[in-house]
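Colleague: I should like to go through this structure with you and ask how each label is justified. Please set every value against its definition.

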Amino acid sequence: MLFQRLSACLWTALAVVGAANAYEGDPDVRSIPLRTHSLAPPYLDSDMQSRWFDFGGDTIIRADKYIRLTSDKPSQQGWIFSRVPLTATNWEIEIEFKIHGSGNLHGDGFAMWLTKQRATQGPVFGSTDRFEGLGIFFDTYKNNRPGVTFPYVMAMMGDGQTTYDQAHDGKANELAGCSARGIRDASIPTKARLTYFQDKSLTLDLQYKADHSWTNCFTLTAPEYNIAIPAVSYLGLSAETGELSDNHDVISVSSHNLYSVSGSANRGSGPSPGRGRPAAATPKPQKTSGGWGWFFFKVILFFGAIVGGYFGWTLYRSKQRYSRF
């Protein structure tokens, strides 16, 4: 019984250590996976439902491959939204997606949302207009925006009243953006990584040029820019096709809560602007003392000593018992 209890404690300590991972952007920051805002195959449980997400419109889920927000057919809209709000102060969300289809003309694109509204179909890349919160738009069709290369990725901070400038591809609403030629029908896994430190910074990095190579799309800092995402906001993805069409597939969503180990005054400041993780990044030296890693190492060492002592004592008793005969 004692051994079973000690083993349970040891495994619990190991599980906690595994849950807190080092964050590549800052050695003082750790990340904890957020299962409530993450998606991976098979996406659905045994009842063919998702515990943490709702989906609707023309969305199709193929459990072994993808969540298809729209198929390569005209006039489709699809969406998927988290059931619970994202309330973490600092976080990072990484999505893997694929935009592809037949023909030379295609559209319209998809969006990533962190808004007060959820699961409401509408005219802005398949979701509602006049939203409150953040929208990241991956626009693959150029309507009327001279001088800009498409596909184009842009951010809009909605106030609940302002309408998306659809006629000019969001020009009047743009908070920041970048051209991303090659993000559609790429030969490598295409990804987007959005990192947010409350009242500090908002960063979007893209992977579409080479595997494990990130390109910074934008980095915004407060108070120069309004990056105040609502404290209670839902994570969503949506897509839309018009006369032109494309497959808009979501492969996975990985969300993490970010926190400072030291709890210093710079907590939540985040990495320096323009951070992008290269394919072969040189690891930064880790602290040799202090922090959670050292604490849990000592905990594991302590339990290991107890288990070793218990086995030694049991072996000694067995020898004493047999020495009587």
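Colleague: Where does M48 lie?

Modeller: M48 lies in the loop between strand 2 (29-33) and strand 3. Strands are DSSP runs of E with at least two residues, numbered from the N terminus. This is a predicted model, in which local features need pLDDT of at least 70 and side-chain atom pairs count only at pLDDT 80 or more, while totals for chains, interfaces and linings use all residues. Residues are numbered from 1 along each chain as its sequence is written, and side-chain values use heavy atoms, with hydrogens and water left out.

Colleague: Why does M48 count as exposed?

Modeller: Buried means under 20% relative accessible area, exposed over 50%, and partly exposed in between, with a 1.4 Å probe and protein chains only. The relative accessibility of M48 is 55%, so M48 counts as exposed. S75, in the loop between strand 5 (66-70) and strand 6, has 61% and therefore counts as exposed.

Colleague: What is notable about phi of M48?

Modeller: Phi of M48 is near 60°, a positive value in a residue other than glycine. Phi of S75 is near 55°, also a positive value in a residue other than glycine. Most residues other than glycine have a negative phi, and most peptide bonds are trans.

Colleague: Which form does the peptide bond from G107 to D108 take, cis or trans?

Modeller: That bond, from G107 to D108, is cis, with omega near 0°. D108 is in the loop between strand 7 (90-100) and strand 8 (109-115). The bond from F150 to P151 is cis too, again with omega near 0°, and P151 lies in the loop between strand 10 and strand 11.

Colleague: What makes C178 and C217 a disulfide?

Modeller: A disulfide is a pair of cysteine sulfur atoms within 2.5 Å. The S to S distance of C178 and C217 is 2.1 Å, and a disulfide joins them. By this rule the count comes to one disulfide.

Colleague: Why is the disulfide called left-handed, and which parts are tied together by the pair?

Modeller: The torsion about the S-S bond of C178 and C217 is about -110°, so the disulfide is left-handed. C178 lies in strand 12 and C217 in strand 15 (residues 213-221), so the pair ties together parts that are 39 residues apart in sequence. Both C178 and C217 are buried.

Colleague: How do the side chains along strand 12 point?

Modeller: Along strand 12 (residues 176-179) they alternate: A176 and C178 point to one face and are buried, whereas G177 and S179 point to the other and are not.

Colleague: How do you know that strand 11 pairs with strand 12?

Modeller: Two strands pair if DSSP finds at least two bridges between them. Four bridges join strand 11 (residues 152-159) to strand 12, and the two run antiparallel. Y152 stands opposite S179 in strand 12. These strands belong to an open sheet of seven strands in the order 3-6-16-8-10-11-12, with antiparallel pairing. Its edge strands are strand 3 (53-57) and strand 12, each pairing on one side only.

Colleague: What is said of D129, buried or exposed, and which side chain of opposite charge is nearest?

Modeller: D129 is buried, and the nearest side chain of opposite charge, R130, is 5.0 Å away. Lys and Arg count as positive and Asp and Glu as negative; His and the chain ends are not counted. A salt bridge is a side-chain nitrogen of Lys or Arg within 4 Å of a carboxyl oxygen of Asp or Glu, and D129 has none.
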